[in-house]
Amino acid sequence: MTTHTNAPLPTNEAMRPILEMRQVTQTYTLARQKLFEARPTLTVLDHIDFDVRPGEAVGLVGESGSGKTTLTRILTGMEQPREGHVLFDGRDVWTAEPSHRQLFRRSVQVVMQNPRSSLDPRMRLGASLLEPLRSLRIEGDHAARVYQVLDQVGLSRNALERFPHEFSGGQLQRIAIARALMSGPKVLIADEPVSALDVSIQAQVLNLLKDLVRDLGLALVFIAHDLSVVAYTTSRVSVMSAGRIVEIGKPLDLFTHPKAEATRNLVGAILTVESGLAGNALA
Amino acid sequence: MSGANALEVHNLVVRHDMLTAVRGLSFALPVGGRMGLVGESGSGKTLTALALMGLLPMGWQADGSVLHDGVDLIRQSDRALAHRRGRTISMVFQDPLSSLDPVRRVGYQVSSVIRRHMKTSRREAERQTIELFRQMSLPRPEQLVRAYPHEISGGQRQRIMIAMALACYPQLIIADEPTTALDVTVQKQVLRLLNGAVEQRGCALLMITHDLPIIAAMCDTVAVMYAGRIVEMGPVGQVFRSPRHHYTRGLLESQPTMDNIALDGSSRLTSIPGMVPPLHSLPTGCAFHPRCAAATEKCVAEVPTLEGGTRRAACWHPVESMAEAAAS
């Protein structure tokens, strides 16, 4: 068991956001309910403002159905919003010239919940790690890049020759993080990166993410339903409910003085060993 | 078997050819008692639960004895077991969507359990089903019984599973990660309902989960499993406040707490290095030794035994106390 002491995470308020959403609204058109009426629409995101700065870890929490996943899809450019703008490095990614979009795609990478389903089971890890370089047409010394990234996530080189089934969930999540780092991103978006992992492994992955923010100056967007895990990893948390951001604050403030009802619900939902032993956890 | 125990497990071994997933498990759960079985994936906790119910997957075999209601469940015929499941022992699984039949109305699924075991009329079973739904705080129970599983939320489905488990007043409920698949804000409500129902009926509860806070909130005793063995057991308060096994301590320390959050990002969680060993290459001696900071040659050579009274730890160099460990 290792412990490190570290300086507090910087908030970097002086710096310009690297990735930003301005007044983003996303609606989906549903199936026709009645023959001669317009198809109903569902507003999934409602005028969202969201940003993250280099070297900053921001959290996004909310119940399922609150719009977290849609927000992730828009932040990563997988979906185009109906209204509003997604800015990377200050410029709208949907109207900028192709070279800026290419830069955006390289610079914003995602880590998903389940590493087992995000890695190709028939591909050796070395090949999996090279995929982003190939698909994003990144030139350079690929082998050197692979070794560098392996060091960053704390994996040994012999992992490259092995297949995903040879690893535990925690190691695979490290590999998924390594693959996300291959293109040299500025922003890492982690969508529930530890909820599929065992407790003893969760801490390893959370600590790794914190190290990457600190050492590489990455901007981290950490999305989860568990407020305590988000609070541990980030320095600023946005709370989502029904497609809106209802509260933004420092983790401790959200815990001690939650303002929005959604925040109170999330704080109230947290079970700890202490409260359980005190016998009032389920009261 | 003594009349005081709802479940007595002696030296339970679960194996598949050369692989042994559960390696000699013994514990007793008193009537009306609540025990938590904690472990990570690969610790053998789910296979233990399935073995207790006689529901092991094809190829897996259980040995040892599981005494319940005066019989050894391991030596019962499939037919006899089927008669018990849902009657004297029932189980709540992790994913309610895959344990409910998608093409039958939920009310029918619950009332058919009642009709089968209690030999009541259809009308009476339906009446009891609505009453159970009401006890589970399900909205509009009269209408909900006619819903199909896909029409209702995950929390409601799990409450229906709990209603089904409670339907025939079992002596023992085995709950395997009952809230893991649910949204956090729903989790507490489902646990509260399960807690209340178990308390009111006085049935014993075996709670299987990787989530320590749930055990702390729901159980009186806890057994911590690692690589197919119990490494520590005892009253929940004692085990969680002053763990003796290094694995238990590591699990407790890797939980984010208010202290971690209060430090505003500057704290670090302690993590257990390494990973849970795969079944085909379990370490010798104490299975935790490759990941343990206190391991010595003795830990590599000899399997520590789980001896003592109610408070037991299978460790050659037990943690002295939390305070002392923090000071060193």
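**Exercise 1. The interface**

How many residues of chain B are in contact with chain A, and which elements of chain B take part?

*Solution.* Keep in mind that this is a predicted model. Start with the count: 41 residues of chain B are in contact with 42 residues of chain A. Next, look for elements that give two or more residues to the side of chain B that touches chain A: these are helix 8 (184-201), helix 9 (212-218), helix 10 (236-241), helix 11 (246-253) and helix 12 (258-262) of chain B. Helix 8 of chain B gives the most, with seven residues. Finally, sort that side of chain B by class, and you find 20 nonpolar, 15 polar and six charged residues.

**Exercise 2. The overall build of chain B**

Work out why chain B can be called as compact as a globular protein of its length.

*Solution.* First take stock of the elements: chain B has 14 helices and eleven strands. Its radius of gyration is 21 Å, close to the 20 Å that the globule rule gives for 328 residues, so chain B is as compact as a globular protein of that length. Then turn to burial: 47% of the 328 residues of chain B count as buried.

**Exercise 3. The sheet**

Trace the seven-strand open sheet of chain B and find its edges.

*Solution.* Follow the order 6-7-8-3-9-10-11, where the pairing is mixed. The edge strands are strand 6 (89-92) and strand 11 (312-313) of chain B, each pairing on one side only. Now zoom in: strand 7 (residues 172-176) and strand 8 (residues 204-209) of chain B run parallel, joined by five bridges. Here Asp176(B) stands opposite Ile208(B) in strand 8 of chain B.

Definitions and conventions: Residues numbered from 1 in each chain as written. Chains lettered and ligands numbered in written order. Predicted model: local features only at pLDDT ≥ 70, side-chain atom pairs only at ≥ 80, totals over all residues. Contact = placed C-beta atoms within 7 Å. Helix = DSSP H or I, 4+ residues; strand = E, 2+ residues; numbered from the N terminus. Nonpolar A, V, L, I, M, F, W, Y, C, P; charged D, E, K, R; others polar. Rg over C-alpha atoms; globule rule 2.2 N^0.38 Å. Buried ≥ 20, exposed ≤ 12 C-beta atoms within 10 Å, placed from the backbone. Pairing = 2+ DSSP bridges.
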